[in-house]
Amino acid sequence: TNDDVCFVGIGAPSLACNLARLTHAPGITLIYESGTIGTKPDVLPLSIGDPELCETALCTVSVPEMFASWLQGGRITVGFLGGAQLDRFANINSSVIGSYARPKVRLPGGGGAPEIAAHCRQTYVVMPQSRRSFVETVDFVTSFGYGAGGDHRERLGLRTRGPT
């Protein structure tokens, strides 16, 4: 919505959030992991280090401040994430396909995604779905959704709503 403070991932999450900003939610505050706050990119950023983010931000803070003060401080209402695999309990894998010790494919990893999944009041997962990406159980839990289901999130002390 217009009042949301949104922690944005690169790729499809960035596309979704910027489309919202350009259509129905012009007042949304977009925040990227690199520390940019109130970003309004004219072109989609290629990474969190894309100069377009700093050039169009209201301000830029350090990454430690972004995570400690903004994210862990409860100031982010919505997080948008993607990944290589998603399971029925909304656990996300963006680390490896196959076993961690001997992966078939090594992926970019989580970056800030595990913190986003844990600390944003609500998280949306935006990714293409196929038999390869929507799996029974992810090969590696990079970002915790609902673990094994039920009250697993609450038992771990996570007070946020979790993925939608």
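These exercises work through the fold and the salt bridges of a predicted model.

**Exercise 1.** Decide whether the radius of gyration of the protein chain agrees with that of a compact globule.

*Solution.*
- The chain has 164 residues, for which a compact globule would have a radius of gyration near 15 Å.
- The protein chain has 16 Å, which agrees.
- The C-alpha atoms fill a box of roughly 40 × 30 × 30 Å along the principal axes.

**Exercise 2.** Describe the secondary structure, the burial and the contacts of the protein chain.

*Solution.*
- Count the elements: five helices and eleven strands.
- Next, burial: 47% of the 164 residues are buried.
- Now take contacts between residues at least 6 apart in sequence; 63% of them join residues at least 24 apart.
- Last, the surface: the accessible area is about 8,700 Å², and carbon and sulfur atoms hold 57% of it.

**Exercise 3.** Find the salt bridges and state what the R88 and E136 pair ties together.

*Solution.*
- The cut-off is a side-chain nitrogen of Lys or Arg within 4 Å of a carboxyl oxygen of Asp or Glu.
- Two salt bridges result.
- R88 and E136 form one of them, at 3.2 Å from N to O.
- R88 sits in the loop between β6 and β7, and E136 in the loop between β11 and α5, so the pair ties together parts 48 residues apart in sequence.
- D151 and R155 also pair, their closest N and O atoms lying 2.9 Å apart.

**Exercise 4.** Classify D151 and R155 as buried, partly exposed or exposed.

*Solution.*
- Exposed means over 50% relative accessible area, buried under 20%.
- D151 has 40%, so D151 is partly exposed.
- R155 has 56%, so R155 is exposed.

Key. Residues numbered from 1 in each chain as written. Predicted model: local features only at pLDDT ≥ 70, side-chain atom pairs only at ≥ 80, totals over all residues. Heavy atoms only, no water. Helix = DSSP H or I, 4+ residues; strand = E, 2+ residues; numbered from the N terminus. Rg over C-alpha atoms; globule rule 2.2 N^0.38 Å. Buried < 20%, exposed > 50% of the residue type's maximum accessible area, 1.4 Å probe, protein only. Contact = heavy atoms within 4.5 Å. Areas by Shrake-Rupley, 256 points an atom, 1.4 Å probe, with all protein chains shown as cover.
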